[in-house]
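Trainee: I am new to this structure and would like to go through it with you step by step. Could we start from what is shown here?

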Amino acid sequence: MPQQFHLDVTVDDLEKAEAQVLAIGATKHEFQPSEEGDFRVFLDPEGHPFCLCLAEDG
């Protein structure tokens, strides 16, 4: 099935959020395009991509 939409999830702590999504079955995508490190790309168990994005201050 083709991808229908892309989901970005804003989080306060990327390390904690990454550990949580990995624990429930996500995998970290080998391609990480963020040069600033402010978001990370993952795949859900079905292979659909989603991003964890660091919340901006203020």
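Mentor: Let us begin with a definition: a disulfide is a pair of cysteine sulfur atoms within 2.5 Å. Please keep in mind that this is a predicted model.

Trainee: How many disulfides does the structure hold?

Mentor: The sulfur of Cys51 has its closest cysteine sulfur in Cys53, at 5.4 Å, which is too far for a bond. For Cys53, the closest cysteine sulfur is in turn the one in Cys51. With the cut-off at 2.5 Å, the number of disulfides in the structure is zero.

Trainee: Is Cys53 buried or exposed?

Mentor: A residue counts as buried when its relative accessible area is under 20%. The value for Cys53 is 17%, and Cys51 also falls under the cut-off, at 7%. Cys53 is therefore buried.

Trainee: Which residues form the aromatic pair, and how are their planes arranged?

Mentor: A search of the whole structure finds one aromatic pair. Its rings lie 5.7 Å apart, centre to centre, with 25° between the planes, and planes under 30 degrees apart count as stacked. Both of the residues are buried. The pair is stacked, and its members are Phe42 and Phe50.

Trainee: Is Leu7, which lies in strand S1, buried, partly exposed or exposed?

Mentor: Leu7 joins Phe5 and Val9 in a nonpolar patch on the surface, and together they have about 290 Å² of accessible area. The relative accessibility of Leu7 is 42%, a value between the cut-offs of 20% and 50%. Leu7 therefore counts as partly exposed.

Notes:
Residues numbered from 1 in each chain as written. Predicted model: local features only at pLDDT ≥ 70, side-chain atom pairs only at ≥ 80, totals over all residues. Heavy atoms only, no water. Buried < 20%, exposed > 50% of the residue type's maximum accessible area, 1.4 Å probe, protein only. Phe/Tyr/Trp six-rings, centres within 6.5 Å; stacked < 30°, edge-to-face > 60°. Patch = residues over 30% accessible without salt bridge, like charges linked within 9 Å, V, L, I, M, F, W, Y side chains within 5 Å. Areas by Shrake-Rupley, 256 points an atom, 1.4 Å probe, with all protein chains shown as cover. Salt bridge = Lys/Arg side-chain N within 4 Å of Asp/Glu carboxyl O.
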